[in-house]
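Please take a guided tour of the structure shown here, one selection at a time. Have the viewer open and follow the stops in order.

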Amino acid sequence: MKLQLRYYKQLGILLFATFMVTSCKKDEVLNNHDNNRVNLVIADNFNLSSFSAVLRKSGMDKVLQDGEGPYTLLAPSDAAFSAAGYGDAVSVLAGNTKVISRIAHYHMLDGKYELNKLPFLFNQELRTRGGKMYATHWLKGGDTVLTLNGSRVLAQNISASNGLIQVLDRVLTPYVHDLIGNAIAADPSITLFAQALKTSGVLQTISDAGPYTVFAPNNAAMQALGYSTVQQILLADPVKLRSFLLYHIVKDRRFVYDYILSTGASNKAQQGMMDGNSITISLVSNPNAPNSFQGISLRGIGNTSEIKLLKQDMLSGNGVLHVIDGGLRITQ
């Protein structure tokens, strides 16, 4: 009987000790759980739910959760995703996995990037997991402005235990073409302009390292200029065609917001083109925000009305493409 009591007493001590060790281990796990990982900070931000869904669908949330980092996440706001066609997190999760994965990689940098510490320069190259992008740090009207590929940084350097978060006003599109000529050829709205580049030899001109900015008239604009068909372009005077095309190309990398930042109090600026002539850039006011601007319009020497942008800031490896609704004219 005494042996039996001693056995139960020892068993009780053993069970108590086991319970205490297990409890300590559970407490240790709970205490070591880091709720401040960069992916969890994003998940807890009600304005970044779509980007959180991007991280989950791509599997990048696990990388961020387990990795030491540091990482810098470029997180477009929910409004930015809505403008890009993703109304909410559910839309993101239902999206094309390959596309969402490319977005996730392009919006992630390895390292800690405090963008406000960059030099005051335009379009400084950064390398994300998805390719090159360009950061501008500039002063405008007494305000310090940061942009990435021409998109505004709305909130900067949000801290997490393994990185930083920068909030953007636009979803950045990873570029897929190393040459701007290939980006032009891939856009069905500017096929006549693409043919003109080939016929004139300008395509070869813009196939080096660049960078270049191209303002490409859409097909309707080319037709209004008399280039209605591929056959008409093939029969056109290549010298005249080359002169026309070079008046649509800048030997530099220029996003739309670069003009908003660099234009003075007149809200107009001159932009030199590759043919040696200039066009006038005018800032377009934002009706919803006094004293701010939402874009630009263009006017050639011979234009009698403003040319509007239809698409903007399409990045390629050696430049930026914009699509416009009219041709830039040297003469009327």
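Select strand 1 and strand 7 (residues 163-168): the two run parallel and are joined by 6 bridges. For a starting point on this pair, show Tyr71, which stands opposite Gly163 of strand 7. The model is a predicted one.

Keep strand 1 selected and add strand 2 (residues 108-110). These two strands pair in the antiparallel sense, over 3 bridges. Tyr71 is again a useful marker, since its partner in strand 2 is Asp110.

Now colour strand 1 by accessibility. Is strand 1 enclosed or open to the outside? It is largely enclosed by the rest of the structure, because 6 of the 6 residues in 71-76 are buried, that is, under 20% relative accessible area. In a regular strand the side chains alternate between the two faces of the sheet. For strand 1, select Tyr71, Leu73 and Ala75 to see one side, then Thr72, Leu74 and Pro76 to see the other; both faces are covered.

Next stop: the largest pocket. Its volume is about 740 Å³. To get to its centre, select Val171, Leu172, Thr173, Asp313 and Met314, the closest to that centre of the 26 lining residues. Then show helix 5 (78-83), helix 7 (97-106) and strand 13 (307-316), the elements that each give two or more residues to the lining. Which element gives the most? Strand 13 does, with 4 residues. Coloured by class, the lining of this pocket shows 17 nonpolar, 4 polar and 5 charged residues.

Move on to the second largest pocket, which holds about 310 Å³ of space. Select its lining in three groups: Leu225, Gly226 and Tyr227; then Lys240, Ser243, Phe244 and Tyr247; then Leu328, Arg329, Ile330, Thr331 and Gln332. By class, 6 of these residues are nonpolar, 4 polar and 2 charged.

Phe244 leads to the last stop, helix 13. Select residues 238-246 and pick out Leu241, Phe244, Leu245 and Leu246, which are buried. Phe244 also belongs to the lining of the second largest pocket. What covers the buried residues of helix 13? The cover includes helix 9 (191-200), helix 10 (202-205), helix 11 (219-224), helix 12 (230-234) and strand 9 (249-250).

Finish at the N-terminal end of helix 13, which is capped by Asp237. Draw a distance from the side-chain oxygen of Asp237 to the backbone nitrogen of Val239; the gap is 3.0 Å.

Methods:
Residues numbered from 1 in each chain as written. Predicted model: local features only at pLDDT ≥ 70, side-chain atom pairs only at ≥ 80, totals over all residues. Heavy atoms only, no water. 1 Å grid on protein atoms, 1.4 Å probe; cavity = no way out; pocket = protein on both sides within 12 Å on 5 of 7 lines; lining within 4 Å. Points joined across faces, edges and corners; volume = space filled by probe spheres on them. Nonpolar A, V, L, I, M, F, W, Y, C, P; charged D, E, K, R; others polar. Buried < 20%, exposed > 50% of the residue type's maximum accessible area, 1.4 Å probe, protein only. Pairing = 2+ DSSP bridges. Contact = heavy atoms within 4.5 Å. Polar contact = N/O pair within 3.5 Å; in protein donor to acceptor, adjacent residues only side chain to side chain.
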